[in-house]
Protein chains: 2
Amino acid sequence: MKLFLKLKYVGTDFCGYQVQKDKRTVQGELTRAARELFSYECDVTGCSRTDSGVHANTFCVTVAKKGENDIITDIDVIKIPRAMSAHLPDDISVFEASLVDSDFHPRYDVKYKEYVYRIYNGNVRDPFEMNRSLYLPQTLSEDAIARMKEAAGHFVGQHDFSAFMAQGSQVESTVRNVVYADVAREGDIITFKVSADGFLYNMVRIMVGTLISVGLGKIQPSDIPEIILSGNRERAGMTAAAHGLYLNKVIY
Amino acid sequence: MKLFLKLKYVGTDFCGYQVQKDKRTVQGELTRAARELFSYECDVTGCSRTDSGVHANTFCVTVAKKGENDIITDIDVIKIPRAMSAHLPDDISVFEASLVDSDFHPRYDVKYKEYVYRIYNGNVRDPFEMNRSLYLPQTLSEDAIARMKEAAGHFVGQHDFSAFMAQGSQVESTVRNVVYADVAREGDIITFKVSADGFLYNMVRIMVGTLISVGLGKIQPSDIPEIILSGNRERAGMTAAAHGLYLNKVIY
């Protein structure tokens, strides 16, 4: 049995999830914390590679003894979240733990992932939203939000999302199945929520950049199907900043 | 006329409000921003001196030309919040501006101030609450919250709050009039809200430390009147951490 953990982190001070030499990463911190807790070297495998600055409300990993597919410990699994969190810095915590089969893979076994993107649209910056949302100074009307909602609806379904992928990315297939995509406003916060069986590199951030262009009237909602069909990155909007993006749910 | 500003700031990276040599302070940043915006030296006067790490949802200042009691500018007052915010770092913003009489004083003219203290009481730390609330790992029951509410009620009224003042503080009178004091729970967040005509040094944080002792059953709600009467700092609870405290409202 491997250990399966659900965690949260504030992405601001991490160079993304994946271990890189001499960089502070989420995987690096988890690997160190697991070694301290279990007193042996561990392999930590994540559900995704989030970029620098991207946050996680839910991120999943498995932990096993290094080079093996099992975890050996006397610690009661119910006590793992607090025990593991005690070895982690303030910007990461483990909030759920369970045991899973040794052949479970936290990345390959994902059915759907849900991302949330937060835009702050108040009249002036809110310091408490610093690094937690994108600040959009142009006030969007209810009509603009309705157009963004309509545009988001066009993302739903199985499409080739080449136009919504960072240029130069290498990937076997650019077809993804978007289960839902919606825009909502609550006070000064505009939220884009999207779920799919997988995401291309920067896909959510390019979708958000495109939706902002729709909100600002530069792109019409009815243009979206054609932009998707074009497969042309230059037809879509800009790549919205990393710090508004949250991995929100992972469904196996 | 002086300029009157309402601002917000995240206290984490400031050495409090008041200017100190070679330290990053809110007043320091505001003084620099005002000089940049108006192109002359300004006096910035605050409503209060918040400590290092303490936040403000609302903090009030006046701005006038240095050594004078007036501001001279062509900038429309409605444009000041954005214009001033553009000269401020991401952890401060100005959200309201107006003109006030030259004899108005942002500290001496305060009628009431309201503070909020946030306690995070989830099963594990929440990284998104890092530096924004006090983490209390012992789960408080509904009964514990009810006792804290009852205890808070005893703070209301005009009392000598010597027992709730940091030892060694110098002050003319230790009598303050608390208008309301209440504890509420919403999900994993416990909030203490208190309004008074003035606060002694560390008064809210000592109140919170005492309320936590009440929640944990170490002090009974009915002990509070006697603790107040004793005037003895050692009878009250510990001083709760600065990073859970927010100056929330300022009433003139």
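## Close-up views of a two-chain model

**View 1. Tyr112(B) and its nonpolar surface patch.** Tyr112(B) sits in strand S5 of chain B, which covers residues 112-120. The model shown here and in the other views is a predicted one. Is Tyr112(B) buried, partly exposed or exposed? Its relative accessibility is 30%, so Tyr112(B) belongs with the partly exposed residues. If you look around this residue, you will find a nonpolar surface patch of about 310 Å². Tyr112(B) shares that patch with Val179(B), Tyr180(B) and Ile251(B).

**View 2. The two copies and the axis that relates them.** In general, two copies of a chain are related by a rotation about an axis and a shift along it. Here, chain B is superposed on chain A by a rotation of 180°, with 0.0 Å of shift along the axis and an RMSD of 0.0 Å. The pair is therefore related as by a two-fold rotation axis. Which C-alpha of chain B is nearest the axis? That of Phe128(B) is, at 5.4 Å from it. Both copies use the same surface to meet each other: of the contact residues of chain B, 100% recur in chain A.

**View 3. Chain A as a whole.** Before the next close-ups, here is a step back to one full chain. Five helices and ten strands make up the secondary structure of chain A. Along the principal axes, its C-alpha atoms fill a box of roughly 60 × 40 × 30 Å. How does the radius of gyration of chain A fit a compact globule? For 252 residues such a globule would have a value near 18 Å, so the 19 Å of chain A agrees with it. Of the 252 residues in chain A, 53% are buried. Among the contacts in chain A with a separation of 6 or more, 71% join residues 24 or more positions apart. The area that chain A exposes is about 11300 Å², and 48% of it is supplied by carbon and sulfur atoms.

**View 4. Ser85(B), a residue with neighbours in both chains.** Ser85(B) belongs to helix H2 of chain B, residues 80-86. Its relative accessibility is 5%, and because buried means under 20%, Ser85(B) counts as buried. What does Ser85(B) contact once its neighbours within four places in sequence are left aside? From chain A come Val124(A) and Arg125(A), while chain B contributes Ile80(B), Ser93(B) and Val94(B).

**View 5. Arg233(B), a buried arginine in a loop.** Follow chain B from helix H5 (224-230) towards strand S10 (245-251), and you will meet Arg233(B) in the loop between them. With a relative accessibility of 13%, Arg233(B) counts as buried. Residues up to four places away in sequence aside, Arg233(B) touches Ala163(B), Met165(B), Gln167(B), Ile206(B), Met238(B) and Thr239(B). As a yardstick across chain B, the C-alpha atoms of Arg233(B) and Ala144(B) are 23 Å apart in space, and these residues are 89 apart in sequence.

**View 6. A salt bridge seen in each chain.** How many salt bridges are there over all chains? The count comes to 24. One of them pairs Arg235(A) with Glu226(A), whose closest N and O atoms are 3.5 Å apart. Arg235(A) is partly exposed at 36% relative accessible area, and Glu226(A) is partly exposed at 46%. In chain B, Glu226(B) and Arg235(B) also form a salt bridge, with 3.5 Å between the closest N and O atoms. Glu226(B) is partly exposed at 46%, as is Arg235(B) at 34%.

**View 7. Salt bridges around helix H1.** In chain B, the side chains of Glu36(B) and Arg32(B) form a salt bridge, 2.9 Å from N to O. How far apart along helix H1 (residues 26-38) are Glu36(B) and Arg32(B)? They are four residues apart, which means that about one helical turn separates them. Glu36(B) is partly exposed, at 39% relative accessible area, and Arg32(B) is also partly exposed, at 23%. Turning to chain A, look for a network of salt bridges that links Arg24(A), Glu29(A), Arg32(A), Glu36(A) and Asp91(A).

Definitions and conventions. Residues numbered from 1 in each chain as written. Chains lettered and ligands numbered in written order. Predicted model: local features only at pLDDT ≥ 70, side-chain atom pairs only at ≥ 80, totals over all residues. Heavy atoms only, no water. Least-squares fit on C-alpha atoms with pLDDT ≥ 70 in both. Contact = heavy atoms within 4.5 Å. Patch = residues over 30% accessible without salt bridge, like charges linked within 9 Å, V, L, I, M, F, W, Y side chains within 5 Å. Areas by Shrake-Rupley, 256 points an atom, 1.4 Å probe, with all protein chains shown as cover. Salt bridge = Lys/Arg side-chain N within 4 Å of Asp/Glu carboxyl O. Helix = DSSP H or I, 4+ residues; strand = E, 2+ residues; numbered from the N terminus. Buried < 20%, exposed > 50% of the residue type's maximum accessible area, 1.4 Å probe, protein only. Rg over C-alpha atoms; globule rule 2.2 N^0.38 Å.
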